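I opened this model to look up a few local features. My notes follow in the order I took them.

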Amino acid sequence: METAVYFAHYQLPVATGVMLAVAVLIFFTARYFDAKDGHIVTQLQVEQPTSEDTAKVPAFYAFLPVFPVILVIVFSPLVISSIKIDVVTAMIIGTLLAFFCELLVRRDFKTACKGIQVFFKGMGTMFTSIVSLLVCADVFAQGLQIIGAVDFIIHTVQAAGFGFGNMTIVMALLVCVTAALTGSGVAAFFSFSGLAPGIAAKFGESAVSMILPMQLMAGMGRSISPVAGVIIAVSKAGECSPFMIVRRTLIPAVGGMITMLVLNGILN
């Protein structure tokens, strides 16, 4: 399936409903805990950065990060089906565009090359982490299949009289629990996503209907993990315990999970 088709036809409608539900819940949850904790909003004096600390860049630079996304969506069956651009090609084109824009603005070839090195350094860093997770996740998934754990889960669900929808909930909850315990949504998703196509095929259903909830559940499970990097970073910025942050994110996350499962069942 094309990335743009998956994003526009499957992920976007469900994710939009989830974001709206979470936005409403987090507003009222934050107000409740602020009142309960006696939090009083005070104005902070923020030191403005000097011109030496910040480099002025043209406003159109804000367009560059979303340019690859636009390419993937435009050159797909959604808009122009005669030309197809995958994610990798779009990223390379976007990187080259950013390089030439930087070269024209700075008018310094060495500075532009130094800036583009950040892209390759980041790519190398992500390669060491993401690829390692992919390898470990594939080994884990293959191990579950070999020992018969997947067939056991399927037979248990079928014996209980449950269908594909309940199996989807089980797989999504597995991802959620793993993400909450490990603090990594990527590791949790890739650990179980490889099992989804085979399970869906045994039920005669589309794999997207199972993979989409697993993907979104990974992010929401990470948001209620006290060991997640983002939770720790926010707690340090707010000078509070990670558990205080999780206490505020738990209700919106659960509401988002329920909304996601309902919308996925209706739309997909």
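I started with Glu 102. The model is predicted, so every value here is computed. Glu 102 comes out at 17% relative accessibility. The cut-off for buried is under 20%, so Glu 102 counts as buried.

Which residue does Glu 102 pair with in a salt bridge? The partner is Arg 106, and the closest N and O atoms are 3.0 Å apart. I checked where the two sit. Both lie in helix α3, four residues apart, which is about one turn of the helix. Arg 106 has 33% relative accessibility and counts as partly exposed.

**Salt bridges**

How many salt bridges does the structure hold? I found two. One is the pair within α3 that I had just noted. Another joins Arg 248 to Asp 34, with 2.9 Å between the closest N and O atoms. Arg 248 is in helix α11 and Asp 34 is in helix α1, so this pair ties together parts that are 214 residues apart in sequence. I looked up the accessibility of both ends. Arg 248 is partly exposed at 22%. Asp 34 is partly exposed too, at 25%.

**After α3**

Next I moved on to Arg 107. This residue is found in the loop between α3 and α4, and α4 covers residues 109-146. I looked at its backbone. Phi of Arg 107 is near 55°, a positive value in a residue other than glycine. I noted this since most residues other than glycine have a negative phi. Is Arg 107 buried or exposed? It is exposed, with a relative accessible area of 72%.

**Helix α2**

Then I listed the buried residues of α2, which runs over residues 67-74. They are Phe 67, Pro 68, Leu 71 and Val 72. Why do they share a side of α2? They cover an arc of only 140° around the axis, which puts them on the same side of the helix. I also checked what they face. The buried residues of α2 pack against α1 (3-37) and α3 (87-106).

**Helix α8**

I did the same for α8, residues 196-203. Here the buried residues are Ala 196, Ile 199, Ala 200 and Phe 203. Seen down the axis of α8, they fall within an arc of 95°, so they line one face of the helix. On the other side, Ala 201 and Lys 202 are exposed. I followed the chain past the end of the helix. Just after α8, Gly 204 takes a positive phi of about 70°.

**Cys 240**

I wanted to place Cys 240. It lies in the loop between α10 (229-238) and α11. At 26% relative accessibility, Cys 240 counts as partly exposed. How far is Cys 240 from Ala 201, in sequence and in space? They are 39 residues apart in sequence and 47 Å apart in space, C-alpha to C-alpha.

I then listed contacts, leaving aside neighbours within four places in sequence. Cys 240 touches Ser 235 and Ile 245. I turned to Ser 235, which is in helix α10. Ser 235 is buried, at 4% relative accessibility. Beyond its sequence neighbours within four places, Ser 235 is in contact with Cys 240, Ser 241, Pro 242 and Ile 245. Ile 245 thus appears in the contact lists of both Cys 240 and Ser 235.

**Nonpolar patch**

Which residues form a nonpolar patch on the surface? I noted Leu 250, Ile 251, Val 254, Ile 258, Val 262, Ile 266 and Leu 267. Together they have about 630 Å² of accessible area. I checked Leu 267, which is in helix α11, residues 242-267. At 47% relative accessibility, Leu 267 counts as partly exposed.

**Against the record**

Last, I went to UniProt. The unreviewed entry lists "transmembrane region" for residues 12-33, 59-81, 87-106, 118-140, 172-196, 216-237 and 249-267. I compared two of these spans with the model. Residues 87-106 are 100% helix and 0% strand, and the end C-alpha atoms lie 28 Å apart. Residues 172-196 are 84% helix and 0% strand, with the end C-alpha atoms 10 Å apart.

Note on methods
Residues numbered from 1 in each chain as written. Predicted model: local features only at pLDDT ≥ 70, side-chain atom pairs only at ≥ 80, totals over all residues. Heavy atoms only, no water. Buried < 20%, exposed > 50% of the residue type's maximum accessible area, 1.4 Å probe, protein only. Helix = DSSP H or I, 4+ residues; strand = E, 2+ residues; numbered from the N terminus. Arc of directions from axis to C-beta. Contact = heavy atoms within 4.5 Å. Patch = residues over 30% accessible without salt bridge, like charges linked within 9 Å, V, L, I, M, F, W, Y side chains within 5 Å. Areas by Shrake-Rupley, 256 points an atom, 1.4 Å probe, with all protein chains shown as cover. Salt bridge = Lys/Arg side-chain N within 4 Å of Asp/Glu carboxyl O. UniProt positions renumbered as here; feature names shortened; annotations may be inferred.
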